[in-house]
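Q: Please take a close look at a single part of this model, residue by residue. Then connect that part to the rest of the chain, giving the cut-offs behind each term.

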Amino acid sequence: MATTGARDRPPRASTESPPAGAERAGPSAMSAVAALVRKDLRLELRTRESVPAMFLFSLSTFVLFRFGLDRETLEGDLASGVLWVTLLFAAVLGMNRLFVAEREEGGFDAFLLAPVDRTSLFVAKAAVLFGFLVAVEVAAIPAFAVLLLGPSPLQALPGLLAILLLADVGIAVVGTLVGALAIQTRARDLIVPLISLPLILPVVIAAGNATAPLFAQAGAEPLPTRWLGVLGLYDLVFGLLALAVFDFLLED
C-alpha cells in the first residue's frame, strides 16, 4: 500500500532554474530597428505630415530665390548656396516632427519597458529622417534644376549624389539627436533650429564647397575630395557621439 500511494502521488514541481539558453530572449537590435522604421513609414504614408511639407517648403524657397535674386539662372557658389540653405531648413521641419508620435501617444514609455537596446530607437529614427531627406531631394533637385540652375546637372549627377549621401547622413544623425532632446521640452519648435543649425553648419559649408565646382558655368569640374573627407569625418564623429549620449536623453 505504501508503494502504491507513493506511485499515485503527483510529481513534485522542479524548483531548479532553467539553463540560460532556455530563457526566452528579447528581440534583436536589428528586428527592433526594422519594426520602428516600418511603424514610422506607415505613419507617414497615412498622415503625410513631414515629406510633403518639406518638399513644398523647398519648392517655395526656390521660387522666392528666383524672383528675389532677379536672376533666371544660377551657377557656381551661388547655386550651391541656394540649394544647401534650402535643404537645411527643409530638414529642420522633419526634425521637429520626428519624435512627436512617441511623445503624444506614450511611445517613449513603451520603448523603455521593451527588452531592447535603447540605441535601436536612435538608429531607427536616423534612418527614417535619412529616408525623408532622400525622398524630398528626389523631387527637389529636379525642381531646383528647372527653376534656377543654369548648367545642366546631368554631368554633375554622380558627384552630387555622393555629396548628398554624406550630407544626409550627418543631418540625419544630428537631427535625430536634437529632436530627441527638444521633444522633452515645451518649446520644441524653438529649440530644434537653435541647436541644430549651429551643429549642422559644418555640413552645409563642406557640402556647399563640394557642390560649387559641379555647378560651374563651364561644366562640372572634378569633385573636391577634401570636402568629401570633411563630410565623412563629421558623420563618423557625430555618429559615435550620438550613440554614446542618446541613452541619457531618454531619461526623464
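A: Phe248 belongs to helix α10, which spans residues 225–249. Helices here are DSSP runs of H or I with at least four residues, strands are runs of E with at least two, and both are numbered from the N terminus. Phe248 counts as exposed because its relative accessible area is 64%; the scale is buried under 20%, exposed over 50% and partly exposed in between, with a 1.4 Å probe and protein chains only. In sequence, Phe248 is 130 residues from Arg118, yet their C-alpha atoms are 9.7 Å apart.

The model is predicted: local features need pLDDT of at least 70, side-chain atom pairs count only at pLDDT 80 or more, and totals for chains, interfaces and linings use all residues. Residues are numbered from 1 along each chain as its sequence is written, and side-chain values use heavy atoms, with hydrogens and water left out.

Thr119 is part of helix α7, residues 119–147. Among residues beyond four places away in sequence, Thr119 touches Leu243 and Asp247, where contact means heavy atoms within 4.5 Å. Thr119 is classed as buried because its relative accessible area is 16%. Gly131 also sits in helix α7. With a relative accessible area of 33%, Gly131 is partly exposed. The C-alpha atoms of Gly131 and Val37 lie 9.9 Å apart in space, with their positions 94 residues apart in sequence.

Val37 leads to the helix α2 region, and the loop after that helix holds Arg48, between α2 (29–47) and α3 (51–68). Most residues other than glycine have a negative phi. Arg48, although not a glycine, has a positive phi of about 55 degrees. Arg48 is exposed, since its relative accessible area is 56%.

Next comes a helix pair. Two packed helices are described by the angle between their axes and the distance between the axes. Axes are lines fitted to C-alpha atoms, for helices over the stretch in contact, and angles run from 0 to 180 degrees between N-to-C directions. Helix α4 (residues 76–96) and helix α8 (residues 157–182) have axes that come within 10 Å and cross at roughly 35 degrees. The crossing of α4 past α8 is right-handed, the term for a near helix turned clockwise from the far one by less than a right angle; anticlockwise is left-handed. On the α4 side the contact residues are Trp84, Leu87, Ala91 and Met95, and on the α8 side they are Ile163, Leu164, Ala167, Ile171, Gly175 and Gly179. The residues of this contact comprise eight nonpolar, two polar and no charged. Ala, Val, Leu, Ile, Met, Phe, Trp, Tyr, Cys and Pro count as nonpolar, Asp, Glu, Lys and Arg as charged, and the others, Gly among them, as polar.

Val85 lies in α4 as well. At a relative accessible area of 33%, Val85 is partly exposed. Val85 and Ile205 are 120 residues apart along the chain, with 9.8 Å between their C-alpha atoms. Arg103 is in helix α5, residues 100–104. Its relative accessibility of 39% makes Arg103 partly exposed. Arg103 and Ile183, 80 residues apart in sequence, have a C-alpha separation of 7.2 Å.

For the whole chain, there are 10 helices and zero strands. Of its 252 residues, 40% count as buried. Among contacts between residues at least 6 apart in sequence, 83% join residues at least 24 apart. The accessible surface comes to about 13,900 Å², with 65% belonging to carbon and sulfur atoms; areas come from the Shrake-Rupley method with a 1.4 Å probe, and for residues only the protein chains shown count as cover.

The chain averages a pLDDT of 82, and 81% of the residues score at least 70. Residues 1–7 have pLDDT below 50 and zero contacts in the model beyond near neighbours in sequence. Residues 13–25 stay under 50 in pLDDT, with zero contacts beyond four places in sequence. pLDDT is the predictor's confidence in each residue, from 0 to 100.
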